[in-house]
Amino acid sequence: MLNRRTLLAQTAGFAVMGLSLGKAAAKNLPGIEKAAMRGAINATELGVRPGALDDQSKAFAKLLRDAHDRDMPVFLPPGTYIVSNLSLPGRVRLSGVPGASRIVYGGNGHLIMAERAEHIELSGLVFDGSNRWMGDYTQGLLDLRRIAHLVVDNCQMTGSGKNSLALEHASGRIERSEISGAADAGIYSVEADGLEISGNSVSDCANGGILVHRWQAAEDGTIVSGNRVERIRARGGGTGQNGNGINAFRAGNVIISGNIVSDCAFSAIRANSASNLQVTGNTCSRSGETAVYSEFSFEGAVIGNNIVDGAANGISIVNFNEGGRMGVCSGNVVRNLSTSGPYPADAPGFGVGISVEADTTVSGNVVENAPLYGMQIGWGPFMRNVVATGNVIRKAGTGIVVSVVEGAGTAIISDNVIDRVQNGAIVGQRWAEPVTGDLAASGNAGYAHLTVERNHVS
């Protein structure tokens, strides 16, 4: 261990933190160095002891109140701190040694809650719920509501009996953190205002990965980028309410980009009633149901440059019957789909590469190994203003199916390459029933709402 004089010499210019650290810890902890420069309070100076076997909730609460009153950050030395039922004051800056400063839930209510806080910053900490029961009044291991500025950085959260991180009316950022083993969702945000969720790892959660929700449909503006989400189950059941890696519900103006999402019971990325949505540059592997889904009453969805490898359905931009409309689906690679899903499928079944319905362009996509349809355009009368052009469809049951039900609107299907399909390249359907020959050869076959031209079939 270093004495005070040695520490000062080695950290040249940093303010003293009041705690002797080993050289290895000091080198690897930029968060601690920042805390040192700010003149952080050493938690041990105010009676909080690392490794103590007894509950330290009272001492911890007093420490945070004192830091709030002095408007100073707190440094938590390595060790385990058993606490329960902490309510954070309005201003908290708490940092520790990543992977070593462990705040462990002692049971009987909640771990950490905050309400109407001005500034909360948590960095380099481990929050361990020990898979213990939590009170009905709390939504997560960290339950933070109406937070004007929130930073959660380089933390770990594990073993929550509910959500790991539950946010309501929060703005700020959640970044570079590892979240695993939640009994519900990893991150659950409701009614956010300028929130960014980036660079995190979320895994092995029972019902959801990253959820961005609102009570009523409205602008949200959350950015979900660069996260790794994997092994998300649907313990709560249903047909899509649970089991999604990243989920936007009623949240408008959300950007979901550059994430790697794998092994989710339902969708890798699912948006329900979320307008002005962007889903771009994500890699989605082994989804149990539809890999990328924009559904129900939305207006405006851009789904582009994603990779889908393994799913029951690839990409769906649907539910014109509920007002779902206006989309762009371009530059995606969709492959290796299955006719099996997590529940018995309604008609037409699983195994569809790309499905669209209204006011949507579908261009420049590549679909391979779609056992039912490479592409489905419309469903019954629910089709309007669809353009499908410049796509490559290879190894499919039917290349493209398009609705010819009375009341269906305009569709243009042109300049696509369709290779090695079993049941026709382009076929008109009444709901799930084929009723035309191959339109790639015959044109629109008398259906005035269709334009079918210049498609190449091999």
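**Exercise 1. Place strand β6 among its partners.**

Solution. Start with strand β8 (residues 126-128): β6 and β8 pair in the parallel sense over 3 bridges. Within this pairing, Phe127 of β8 is the bridge partner of Ile103. The model that these exercises use is a predicted one.

Next take strand β3 (residues 79-83), which pairs with β6 in the parallel sense over 5 bridges. Here Tyr105 in β6 stands opposite Val83.

Last, look at how β6 is covered. The strand spans residues 101-105, and 4 of its 5 residues are buried.

**Exercise 2. Decide whether Gly378 is buried or exposed, and list what it touches.**

Solution. First locate the residue: Gly378 lies in the loop between β33 (366-377) and β34 (384-389).

Second, apply the cut-off. A residue is buried when its relative accessible area is under 20%. Gly378 has 7% relative accessibility, so it counts as buried.

Third, find its contacts. Leaving aside residues up to four places away in sequence, Gly378 touches Val356, Glu357, Met383 and Ser403.

Fourth, relate Gly378 to the strand of Exercise 1. Ser101 and Gly378 are 277 residues apart along the chain, and their C-alpha atoms are separated by 55 Å.

**Exercise 3. Classify the ring pair Tyr343 and Phe350, and state the exposure of each residue.**

Solution. Begin with the total: the model has 4 aromatic pairs. One of them joins Tyr343 and Phe350, with ring centres 5.5 Å apart and planes at 70°. Planes over 60 degrees apart count as edge-to-face, so this pair is edge-to-face.

Now check exposure. Tyr343, at 24% relative accessibility, counts as partly exposed, whereas Phe350, at 7%, counts as buried.

Finally, widen the view: Tyr343 and Phe350 form one aromatic cluster with Phe266.

**Exercise 4. Do the same for Trp379 and Trp431, and say where each one sits.**

Solution. Take the geometry first. The ring centres of Trp379 and Trp431 are 5.3 Å apart and the planes stand at 80°, so this pair is edge-to-face.

Then trace the positions. Trp379 is in the loop between β33 and β34, while Trp431 is in the loop between β38 (426-430) and β39 (433-438). With these positions 52 residues apart, the pair links distant parts of the chain.

For exposure, Trp379 has 23% relative accessibility and counts as partly exposed. Trp431, at 40%, also counts as partly exposed.

Note on methods:
Residues are numbered from 1 along each chain as its sequence is written. This is a predicted model: local features need pLDDT of at least 70, side-chain atom pairs count only at pLDDT 80 or more; totals for chains, interfaces and linings use all residues. Side-chain values use heavy atoms; hydrogens and water are left out. Buried means under 20% relative accessible area, exposed over 50%, partly exposed in between (1.4 Å probe, protein chains only). Helices (H or I, at least four residues) and strands (E, at least two) are DSSP runs, numbered from the N terminus. Two strands pair if DSSP finds at least two bridges between them. Contact means heavy atoms within 4.5 Å. Rings of Phe, Tyr and Trp (its six-membered ring) pair if their centres lie within 6.5 Å; planes under 30 degrees apart count as stacked, over 60 as edge-to-face and the rest as tilted.
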